[in-house]
Amino acid sequence: MYQKLYYLLFNAITDALDELRETEDCGRVEEILVSAQQRAEDRFLDESEDNWN
């Protein structure tokens, strides 16, 4: 499970850094990072719920 979350967050950070280098659009960078954070949390909770049942 943690490997999937690592890749999700690592790729989002890479995307955010690329966006920052290309456009310096901090709003877009924030959107990328917040979205990744939310997706990782959702996946973590989904995986945790599966393990509880």
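Is Ala-16 buried or exposed? Select Ala-16 and see. Ala-16 counts as buried, because its relative accessibility is 3% and buried means under 20%. Keep in mind on this tour that the model is predicted.

**Stop 1: the whole chain**

Zoom out and show the chain as a cartoon. Two helices appear, and zero strands. The radius of gyration is 13 Å, well over the 10 Å that the globule rule gives for 53 residues, so the chain is more spread out than a compact globule. Turn the model to follow its principal axes. Along them the C-alpha trace spans about 45 × 20 × 5 Å.

Now switch on the surface. The chain exposes about 4,400 Å². Carbon and sulfur atoms supply 50% of that area. Buried residues make up 19% of the 53 residues.

**Stop 2: back to Ala-16**

Select residues 2-23, which form helix H1. Ala-16 is found in this helix. Add Val-29 to the selection. Ala-16 and Val-29 are 13 residues apart in sequence, yet their C-alpha atoms are 4.9 Å apart in space.

**Stop 3: the nonpolar patch**

Select Leu-9, Ile-13, Leu-17, Leu-20 and Leu-33. Together these residues make a nonpolar surface patch of about 380 Å². Which helix gives the most to the patch? Helix H1 does, with four residues.

Pick out Leu-17, one of the patch residues. Leu-17 has its place in helix H1. Leu-17 counts as partly exposed because its relative accessibility is 39%, and partly exposed lies between the 20% and 50% cut-offs.

**Stop 4: a salt bridge in H1**

Select Asp-18 and Arg-21. These two form a salt bridge, with their closest N and O atoms 3.3 Å apart. They are three residues apart in helix H1, so about one helical turn separates them.

Colour the pair by accessibility. Asp-18 is partly exposed, at a relative accessible area of 34%. Arg-21 counts as exposed, at 61% relative accessibility.

Stay on Arg-21 and add Met-1. How far apart are the C-alpha atoms of Arg-21 and Met-1? They are separated by 31 Å, with the two positions 20 residues apart along the chain.

**Stop 5: the loop**

Move on to Glu-24. Glu-24 lies in the loop between H1 and H2. Look at its backbone: Glu-24 has a positive phi of about 55°, although it is not a glycine. Most residues other than glycine have a negative phi. Show the surface again here. Glu-24 counts as exposed because its relative accessibility is 64%, and the cut-off for exposed is over 50%.

**Stop 6: a salt bridge in H2**

Select residues 26-52 for helix H2. Then pick Arg-28 and Glu-31. They form a salt bridge, and their closest N and O atoms are 3.3 Å apart. What separates Glu-31 and Arg-28 along helix H2? The two are three residues apart in this helix, so the separation is about one helical turn. Arg-28 is partly exposed, with a relative accessible area of 35%. In the chain the salt bridges come to two.

**Stop 7: the negative patch**

Select Glu-41, Asp-42, Asp-46, Glu-49 and Asp-50. On the surface these residues gather in a patch of negative charge. Single out Glu-49, which lies in helix H2. Glu-49 is partly exposed, with a relative accessible area of 42%.

Now colour the whole chain by charge. It has 5 positive and 14 negative charges. The mean positions of the two sets are 5 Å apart.

**Stop 8: Ser-48**

Select Ser-48. Its place is in helix H2. Is Ser-48 buried or exposed? Ser-48 is buried, because its relative accessible area is 11% and the cut-off for buried is under 20%.

Finish by adding Thr-14 and drawing a distance between the C-alpha atoms. Ser-48 and Thr-14 are 26 Å apart in space. In sequence, Ser-48 and Thr-14 are 34 residues apart.

Terms used. Residues numbered from 1 in each chain as written. Predicted model: local features only at pLDDT ≥ 70, side-chain atom pairs only at ≥ 80, totals over all residues. Heavy atoms only, no water. Patch = residues over 30% accessible without salt bridge, like charges linked within 9 Å, V, L, I, M, F, W, Y side chains within 5 Å. Areas by Shrake-Rupley, 256 points an atom, 1.4 Å probe, with all protein chains shown as cover. Salt bridge = Lys/Arg side-chain N within 4 Å of Asp/Glu carboxyl O. Lys, Arg positive; Asp, Glu negative; His and termini not counted. Charge placed at Lys NZ, Arg CZ, Asp CG, Glu CD. Buried < 20%, exposed > 50% of the residue type's maximum accessible area, 1.4 Å probe, protein only. Rg over C-alpha atoms; globule rule 2.2 N^0.38 Å.
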